[in-house]
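Here's a quick walk through this model, going from a backbone oddity or two to the packing and the open space. Keep the viewer open while you read.

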Amino acid sequence: MPGFLQYLFPTRASLMLDVVFLAMFLVVPTLAVSIQLAKRKQYTLHKITQTVLGAVLLVAVLAFEIDMRFYTQWRALAEPSPYYANGLVSQSLMLHLCFAVPTLVLWILVTARALMNYPNPPRPAAESKFHLFWGKVAGLGMVGTAVTGWLFYYLAFVA
């Protein structure tokens with residue numbers, strides 16, 4: 001199914017590619033807001049925001065992977081790109097996956113440990129040191145995932 005962004009600028013992307021492309025413009029600022037909530041000691045709001053964000057991302061990633069593997073022939077959509085034949089599209093996808101896969105694993109780990117090890121209502125605990133360090137790494141990974149995803153989208157479906 002063709003994407004809706006083709007009505008705004010030239011793109012060959014599918015509907016799901018467009019949805020994920022745009023969703024990351026919401027994920028990154030939401031993540032930043034959630035981090036600010038924790039810094040302001042609004043731990044319950046941070047927990048709610050992160051839990052909802054994690055659940056939405058998990059559903060989106062699953063839907064995206066199902067779409068890419070069974071319905072959308074992304075390579076056929078990317079083939080007209082001037083960067084496809086020289087391998088830059090594939091390289092940008094590999095770079096994206098170098099961020100996306102570890103970030104997904106880390107996000108699940110940090111979230112699961114937080115849900116298991118923080119008291120309810122949430123407040124600083126023995127888990128805090130681990131959570132602070134690996135949460136920052138996961139946040140940076142999410143930013144890297146978004147930026148490399150946007151780069152892949154451009155090289156494969158816009159150029």
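Lys-41 sits in the loop between α1 and α2. Its backbone is a bit unusual: phi is positive, about 65°, although Lys-41 is not a glycine. The residue is exposed, because its relative accessible area is 59% and the cut-off for exposed is over 50%. Another backbone feature turns up in the loop between α4 and α5, where you'll find Pro-121. The peptide bond leading into it from Asn-120 is cis, with omega near 5°.

How far should you trust any of this? It's a predicted model, and the chain averages a pLDDT of 95, with 100% of the residues scoring at least 70. The two ends of the confidence range look like this:

| Element | Mean pLDDT | Place in the chain |
|---|---|---|
| α2 | 93 | lowest |
| α5 | 97 | highest |

Now for α2 itself. Helix α2 covers residues 43–70, and at 1.5 Å a residue its 28 residues should span 40 Å; the end C-alpha atoms are 40 Å apart, so the geometry agrees with expectation. Which of its residues are buried? They are His-46, Gln-50, Leu-53, Gly-54, Leu-57, Phe-64, Asp-67 and Met-68. The cover over them includes α1 (15–39), α3 (74–78), α4 (88–117) and α5 (128–158).

On to the nonpolar packing. The largest nonpolar core has 15 residues, and the members touching the most others are Leu-17, Trp-74, Val-89, Phe-152, Tyr-153 and Phe-157. Two or more residues of this core come from each of α1, α2, α3, α4 and α5, with α5 giving the most, 5 residues. If you want one residue to centre the view on, try Phe-152: setting aside neighbours within four places in sequence, Phe-152 is in contact with Trp-74, Val-89, Ser-92, Leu-93 and Phe-157. Apart from this core lies another one, of 11 residues, including Leu-53, Leu-106, Met-142 and Ala-146. Leu-53 is also on the list of buried α2 residues.

Last, the open space. The largest pocket has a volume of about 1100 Å³. Its lining runs to 40 residues, and those nearest the centre are Val-61, Phe-64, Glu-65, His-96 and Ala-100. What supplies the lining? α1, α2, α3, α4 and α5 each put in at least two residues, and α2 has the largest share, at 12 residues. Phe-64, named above among the buried residues of α2, is thus one of the residues nearest the pocket centre too.

Note on methods: Residues are numbered from 1 along each chain as its sequence is written. This is a predicted model: local features need pLDDT of at least 70, side-chain atom pairs count only at pLDDT 80 or more; totals for chains, interfaces and linings use all residues. Side-chain values use heavy atoms; hydrogens and water are left out. Helices (H or I, at least four residues) and strands (E, at least two) are DSSP runs, numbered from the N terminus. The expected span of a helix is 1.5 Å times one less than its number of residues. Buried means under 20% relative accessible area, exposed over 50%, partly exposed in between (1.4 Å probe, protein chains only). Contact means heavy atoms within 4.5 Å. A nonpolar core is a set of buried Ala, Val, Leu, Ile, Met, Phe, Trp, Tyr and Cys residues joined through side-chain atoms within 4.5 Å. pLDDT is the predictor's confidence in each residue, from 0 to 100. On a 1 Å grid over the protein atoms alone, a cavity is a set of points where a 1.4 Å probe fits but cannot get out, and a pocket is an open set with protein on both sides within 12 Å along at least five of seven lines; lining residues have an atom within 4 Å of a point. Grid points are joined across faces, edges and corners, and a volume is the space filled by probe spheres set on the points.
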